[in-house]
Amino acid sequence: MKMRNRLYPACRRGTGGKMSITPIGGRPQDEPRSDRPLFLQKVTTSTLRELKLRHEPITCLTAYDYASARIVDEAGIEMILVGDSLAQTILGYENTLSVTMDEMLHHVKAVRRGVKRALLLADMPYGSYQLDDNDALRNATRFVKEGGAEVVKIEGGEKRAELIRRIIDAEIPVAGHIGLTPQSVNVMGGYKVQGKNLSAIEQLMRDAVALDRAGVACIVLEGIPREVAAMITAEVATPTIGIGAGPECDGQVLVFHDLLNLTFAPGAKFVRRYGDAAALIGQAVRAFGADVKSLQYPADEESYHLPKETKAGLETVLARKRAMR
Ligand code: KIV
């Protein structure tokens, strides 16, 4: 029996009415439609390919909670990544190795509630995909089923290609991540720029091609020389998203807290501070403290008042009590 989508007629245009579609975010107007400009459409993995073909730079930022997700989504950023960088930015861990599936899921769910248009990516944390392929599939599925993620991100190139194929076979789009992969911090001996000699460049190119062939939705290129990122970007059909990889990538990603000076440490070379939220928030918090101490807050206009009749009645009762004393 054919399923009709009466609630979301716009969906019929794309599917010929042959299947039901539940749009994430629930708004029929977000469904991809060729008569709507790209910047108004729900971003999907196909949008990324289309942007690469058009040489239109792709934007991506991390977000970790409902408020930051709404701000980033409503600003028109195309991809939102719930990065495992939340281990440091939100949870105060020393590196990304400690963050768990449950902690990641908690944040993915919060971000999901704030995102309507952007493509939502969730980072698979360390230990959730390295040990066993079946576990990896189960964990990837949790991000989609419980968290509402549309893409999962996995660090590693050639050596992860087989696993990535299996996850894609399970209908879950995957983002690759090569170069400086923070989950390999102990193997790399620190957060060091990768791909600086000929054999390392060759390996990076093999990694990128393996991910491209596996069918990933995009490849994050982190901490590699501009020249190498440019070569990879020209070689693969998959959109590349750079972070510390120069301007020739198909898109750029930054960590929300880096962008806003919320990291309590100097940024890496590639970080550009677009705002100083630490100063703004610090100033507001200090002003609140000072106002409370000096009885400037709350003012009468910031207080609730009794209705006139109740106030008059209360005054009568109090006057009687005073008279009886
Ligand atoms: O965890 C993260 O924020 C990331 C980005 C830096 C790409 O992986």
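Mentor: A polar contact is a pair of N or O atoms within 3.5 Å. Please keep in mind that this model is predicted.

Trainee: Why does the approach of Asp123 to the ligand count as a polar contact?

Mentor: An N or O atom in the side chain of Asp123 is 3.1 Å from an oxygen atom of the ligand. The cut-off is 3.5 Å, so the pair qualifies as a polar contact.

Trainee: How much of the ligand's accessible area does the protein cover?

Mentor: On its own the ligand has 250 Å² of accessible area, and the protein covers 95% of that.

Trainee: How do you know that Ser85 and Asp84 make polar contacts with the ligand as well?

Mentor: The same test is applied to each. For Ser85, a side-chain N or O atom is 2.5 Å from an oxygen atom of the ligand. For Asp84, a polar side-chain atom lies 3.0 Å from a ligand oxygen. Both distances are within 3.5 Å, so both pairs are polar contacts.

Trainee: Which residues surround the ligand, and what kinds are they?

Mentor: The residues around the ligand include Thr62, Leu81, Lys153, His177 and Glu222. The shell divides into 4 nonpolar, 4 polar and 4 charged residues. As for the site, the space that the ligand takes is the largest pocket.

Trainee: What makes the pair Arg142 and Glu146 a salt bridge?

Mentor: Their closest N and O atoms are 2.9 Å apart. A salt bridge requires a side-chain nitrogen of Lys or Arg within 4 Å of a carboxyl oxygen of Asp or Glu, so this pair meets the rule.

Trainee: Why are Arg142 and Glu146 called partly exposed?

Mentor: Partly exposed lies between the limits of 20% and 50% relative accessible area. Arg142 has 27% and Glu146 has 38%, so both residues belong in that class.

Trainee: Which residues do salt bridges with shared partners join into one network?

Mentor: Lys42, Arg112 and Glu150 are joined in this way. The count of salt bridges comes to 14.

Trainee: How do you know that Arg54 has salt bridges with both Glu50 and Glu56?

Mentor: The closest N and O atoms of Arg54 and Glu50 are 3.0 Å apart, and Arg54 meets Glu56 at 3.7 Å, N to O. Both values are within 4 Å, so each pair is a salt bridge.

Conventions
Residues numbered from 1 in each chain as written. Predicted model: local features only at pLDDT ≥ 70, side-chain atom pairs only at ≥ 80, totals over all residues. Heavy atoms only, no water. Near = heavy atom within 4 Å. Polar contact = N/O pair within 3.5 Å; in protein donor to acceptor, adjacent residues only side chain to side chain. Areas by Shrake-Rupley, 256 points an atom, 1.4 Å probe, with all protein chains shown as cover. 1 Å grid on protein atoms, 1.4 Å probe; cavity = no way out; pocket = protein on both sides within 12 Å on 5 of 7 lines; lining within 4 Å. Sits in = over half its atoms within 2 Å of the grid points. Nonpolar A, V, L, I, M, F, W, Y, C, P; charged D, E, K, R; others polar. Buried < 20%, exposed > 50% of the residue type's maximum accessible area, 1.4 Å probe, protein only.
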